[in-house]
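Here are a few exercises to work through with the model open beside you. Try each task before reading its solution.

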Amino acid sequence: MAGKAVKSIAKAVGEYQYPWQEKLFKYKDELSKGVWGYWELGAWKPLGISARHRARLRKEVLLSGADWPYDPERKEMRTKRKGHKVDRLAAEKRERTAELMEAMPQMLADYRKRRWERKMKAEDDAAKKALQE
(Lines give C-alpha, C1' and ligand atoms only; values in the text may rest on other atoms or scores of the structure.)
Protein backbone atom coordinates (compact mmCIF):
# COMPACT_ATOMS: atom_id res chain seq x y z
CA MET A 1 0.00 0.00 0.00
CA ALA A 2 2.76 2.40 0.98
CA GLY A 3 4.66 1.45 -2.18
CA LYS A 4 1.74 2.50 -4.37
CA ALA A 5 1.52 5.85 -2.57
CA VAL A 6 5.23 6.49 -3.05
CA LYS A 7 4.99 5.54 -6.73
CA SER A 8 2.02 7.82 -7.30
CA ILE A 9 3.78 10.71 -5.55
CA ALA A 10 6.95 10.09 -7.55
CA LYS A 11 4.92 9.97 -10.75
CA ALA A 12 3.14 13.21 -9.88
CA VAL A 13 6.44 14.91 -9.03
CA GLY A 14 8.08 13.54 -12.19
CA GLU A 15 5.26 14.72 -14.41
CA TYR A 16 5.03 18.13 -12.74
CA GLN A 17 6.20 20.86 -15.05
CA TYR A 18 7.12 24.23 -13.63
CA PRO A 19 4.69 26.70 -15.25
CA TRP A 20 7.44 28.90 -16.63
CA GLN A 21 5.43 30.30 -19.53
CA GLU A 22 2.75 31.72 -17.26
CA LYS A 23 5.37 33.00 -14.80
CA LEU A 24 7.37 34.59 -17.61
CA PHE A 25 4.25 36.30 -18.93
CA LYS A 26 3.28 37.46 -15.44
CA TYR A 27 6.71 38.90 -14.48
CA LYS A 28 7.86 40.08 -17.93
CA ASP A 29 7.71 43.78 -17.00
CA GLU A 30 9.36 43.16 -13.64
CA LEU A 31 12.20 41.10 -15.14
CA SER A 32 13.00 43.75 -17.73
CA LYS A 33 13.69 46.32 -14.99
CA GLY A 34 16.88 44.64 -13.85
CA VAL A 35 18.30 41.67 -12.00
CA TRP A 36 18.15 42.87 -8.41
CA GLY A 37 15.89 45.89 -8.54
CA TYR A 38 15.67 49.40 -9.91
CA TRP A 39 15.63 53.06 -8.90
CA GLU A 40 12.26 54.77 -9.02
CA LEU A 41 11.94 58.44 -8.08
CA GLY A 42 15.18 58.33 -6.11
CA ALA A 43 14.25 55.23 -4.12
CA TRP A 44 15.52 51.70 -4.62
CA LYS A 45 12.77 49.20 -5.35
CA PRO A 46 13.45 45.48 -5.21
CA LEU A 47 11.89 43.27 -7.86
CA GLY A 48 8.46 41.80 -7.31
CA ILE A 49 9.96 38.34 -7.79
CA SER A 50 12.63 36.94 -5.47
CA ALA A 51 16.10 36.09 -6.73
CA ARG A 52 15.51 32.40 -6.05
CA HIS A 53 12.29 32.35 -8.09
CA ARG A 54 13.92 34.43 -10.82
CA ALA A 55 16.79 31.93 -11.01
CA ARG A 56 14.40 29.00 -11.17
CA LEU A 57 12.35 30.67 -13.89
CA ARG A 58 15.53 31.44 -15.85
CA LYS A 59 16.72 27.85 -15.51
CA GLU A 60 13.40 26.44 -16.71
CA VAL A 61 13.27 28.81 -19.68
CA LEU A 62 16.82 27.91 -20.72
CA LEU A 63 16.20 24.17 -20.25
CA SER A 64 13.21 24.38 -22.55
CA GLY A 65 15.43 25.90 -25.23
CA ALA A 66 13.85 29.35 -25.19
CA ASP A 67 15.85 32.58 -25.08
CA TRP A 68 16.37 34.52 -21.83
CA PRO A 69 16.84 38.22 -22.76
CA TYR A 70 16.74 39.58 -19.20
CA ASP A 71 20.39 39.09 -18.20
CA PRO A 72 22.47 42.29 -18.12
CA GLU A 73 25.33 42.43 -20.61
CA ARG A 74 28.63 41.12 -19.29
CA LYS A 75 31.39 43.59 -18.54
CA GLU A 76 34.81 43.26 -20.09
CA MET A 77 37.20 41.00 -18.21
CA ARG A 78 39.45 42.61 -15.64
CA THR A 79 42.96 42.97 -17.09
CA LYS A 80 44.61 44.46 -14.02
CA ARG A 81 46.17 41.73 -11.93
CA LYS A 82 45.43 41.30 -8.28
CA GLY A 83 48.14 40.81 -5.70
CA HIS A 84 51.21 42.74 -4.67
CA LYS A 85 53.13 44.30 -7.51
CA VAL A 86 56.40 43.91 -5.60
CA ASP A 87 56.04 40.12 -5.52
CA ARG A 88 55.34 39.95 -9.23
CA LEU A 89 58.27 42.21 -10.11
CA ALA A 90 60.60 40.23 -7.85
CA ALA A 91 59.62 37.00 -9.62
CA GLU A 92 60.18 38.60 -13.03
CA LYS A 93 63.60 39.90 -11.92
CA ARG A 94 64.63 36.46 -10.66
CA GLU A 95 63.57 34.95 -14.00
CA ARG A 96 65.55 37.56 -15.95
CA THR A 97 68.60 37.06 -13.73
CA ALA A 98 68.51 33.30 -14.34
CA GLU A 99 68.38 33.88 -18.11
CA LEU A 100 71.28 36.32 -17.96
CA MET A 101 73.38 33.96 -15.84
CA GLU A 102 72.95 31.24 -18.48
CA ALA A 103 74.22 33.65 -21.15
CA MET A 104 77.03 35.03 -18.94
CA PRO A 105 79.98 32.93 -20.31
CA GLN A 106 79.24 34.09 -23.86
CA MET A 107 78.81 37.70 -22.70
CA LEU A 108 82.19 37.61 -20.92
CA ALA A 109 83.91 36.13 -23.98
CA ASP A 110 82.41 38.87 -26.19
CA TYR A 111 83.53 41.54 -23.71
CA ARG A 112 87.10 40.21 -23.58
CA LYS A 113 87.20 40.05 -27.38
CA ARG A 114 85.97 43.65 -27.74
CA ARG A 115 88.48 44.84 -25.13
CA TRP A 116 91.32 43.00 -26.89
CA GLU A 117 90.27 44.44 -30.29
CA ARG A 118 90.15 47.95 -28.80
CA LYS A 119 93.65 47.44 -27.32
CA MET A 120 95.00 46.20 -30.64
CA LYS A 121 93.44 49.16 -32.47
CA ALA A 122 94.96 51.58 -29.97
CA GLU A 123 98.39 49.98 -30.43
CA ASP A 124 98.05 50.16 -34.22
CA ASP A 125 97.00 53.81 -34.04
CA ALA A 126 99.95 54.59 -31.74
CA ALA A 127 102.34 52.81 -34.12
CA LYS A 128 100.98 54.72 -37.15
CA LYS A 129 101.28 58.00 -35.26
CA ALA A 130 104.88 57.21 -34.30
CA LEU A 131 105.72 56.44 -37.95
CA GLN A 132 104.22 59.70 -39.15
CA GLU A 133 106.30 61.81 -36.79
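**Exercise 1: a charged pair**

K33 counts as partly exposed, at 39% relative accessibility (buried is under 20% relative accessible area, exposed over 50%, partly exposed in between, with a 1.4 Å probe and protein chains only). Before going on, note that this is a predicted model, where local features need pLDDT of at least 70, side-chain atom pairs count only at pLDDT 80 or more, and totals for chains, interfaces and linings use all residues. Residues are numbered from 1 along each chain as its sequence is written, and side-chain values use heavy atoms, leaving out hydrogens and water.

Task: find out which residue forms a salt bridge with K33.

Solution. Start with the rule: a side-chain nitrogen of Lys or Arg must be within 4 Å of a carboxyl oxygen of Asp or Glu. Next, look at E30: its closest O atom and the closest N atom of K33 are 3.9 Å apart, so the pair passes. Finally, check the cover: E30 is buried, with a relative accessible area of 17%.

**Exercise 2: a shared partner**

Task: work out which residues are joined with D71 into one network by salt bridges.

Solution. First, take R54, whose salt bridge with D71 has its closest N and O atoms 3.7 Å apart. Then take R58: its salt bridge with D71 comes in at 2.9 Å between the closest N and O atoms. Shared partners therefore join R54, R58 and D71 into one network. As a last step, compare cover: R54 is buried at 7% relative accessibility, while D71 is partly exposed at 33%.
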